[in-house]
Amino acid sequence: MPDKSGAIIEKWRVKLEDSGVRVIVGEHNSPSPRGVGYSKNQAVAQSSGSYLCFLDSDDVMMPQRVRLQHEASIQHPSSIVGCQVRRDPPDSTERYTRWINQLTPEQLLTQVFTSNGPTVIMPTWFCSRAWFSHVGPFDEGGRGVPEDLLFFYEHLRKGGGVIRVDQSLLLYRYHPQAATHSVLEATIWTHRVRFLEERALPHWAAFTIWNAGKQGRRLYRSLTAANRRKVVAFCDVDENKIRKGFYCHEESQERPKPRIPILHFRAARPPFIICVKLDLTGGAFEDNLRSLHLQEGQDFLHFS
């Protein structure tokens, strides 16, 4: 849906060009917007710097952002560099904001399969133009395409790193009309499952799905037949599910239909694909996971 960006740009164009500043107008000056990916590609194509610093029009970056991320990018030329953020309003998406800001350097790579999306969020991205050209461009499929997630996945496929400057360098505004809300959850799910199967599951001959409930069963059904055969068990803490003893995949064309055991998490064997959302159980799930003394990325991955 067109917004008022065109009018705002025209208002500022006069002021800026009178000062000798060249104004680059992309997507929002068009009567028929062609999508976020197209806009970003056009902005990159019309710019000339050796480094790219992304910023959403409704966000505010701190004065030191470019300097600090540029320094990090020089040290890590094949990385996307992000930063910590402050949310506006402060109480919006609290769990998500904690996740953005508190991931460890290792988790910036191990938690790329979660529903939260890229482990450094798009409005904080900073990278060299050369690396962007190597990975990109953004998908221009238009409304409903998760262009940032697809670019992030391609970045990882090509061996890119993920770095975060651990300072709050962006005021990240929340509003319900943001373009990200036009992307269907089912679309994100499909891309996530395929990326999990491509990047992680080939390294495991067998694995356990942690969560015998709705999300765990959904993941199992979404896997290819070859990867479903690698699932040796579900695990959970719910006594009712454990007492039932198994999950039967009724939609399977196999005969007999697969019956996957449901175990208590302490009786299950790693590696685990974890389909339990973090930061929702008052620490109970996290305590259970820590009690097993496992290594993230090797013994388990988060998919929730």
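Reader: Why is glutamate 147 counted as buried or exposed, whichever applies?

Author: In this predicted model, glutamate 147 has 10% relative accessibility. Buried means under 20%, so glutamate 147 counts as buried.

Reader: What makes the contact between glutamate 147 and lysine 40 a salt bridge?

Author: The closest N and O atoms of this pair are 2.9 Å apart. A salt bridge requires a side-chain nitrogen of Lys or Arg within 4 Å of a carboxyl oxygen of Asp or Glu, and therefore the pair qualifies. Lysine 40 is also buried, its relative accessible area being 14%.

Reader: Which parts does the pair of glutamate 147 and lysine 40 tie together?

Author: Glutamate 147 belongs to helix α7 (residues 147-157) and lysine 40 to helix α2 (residues 36-46), so the salt bridge links parts 107 residues apart in sequence.

Reader: How do you know that glutamate 154 forms a salt bridge with lysine 158?

Author: Their closest N and O atoms are 3.9 Å apart, and the cut-off is within 4 Å, so the pair is counted as a salt bridge. Glutamate 154 also forms a salt bridge with arginine 157, at 3.2 Å. Salt bridges that share partners join Glu154, Arg157, Lys158 and Glu198 into one network.

Reader: Why is glutamate 154 called partly exposed?

Author: Its relative accessibility is 26%. Since buried means under 20% and exposed over 50%, a value in between is partly exposed. Arginine 157, with a relative accessible area of 35%, is likewise partly exposed, and lysine 158 at 35% counts as partly exposed.

Key: Residues numbered from 1 in each chain as written. Predicted model: local features only at pLDDT ≥ 70, side-chain atom pairs only at ≥ 80, totals over all residues. Heavy atoms only, no water. Helix = DSSP H or I, 4+ residues; strand = E, 2+ residues; numbered from the N terminus. Buried < 20%, exposed > 50% of the residue type's maximum accessible area, 1.4 Å probe, protein only.
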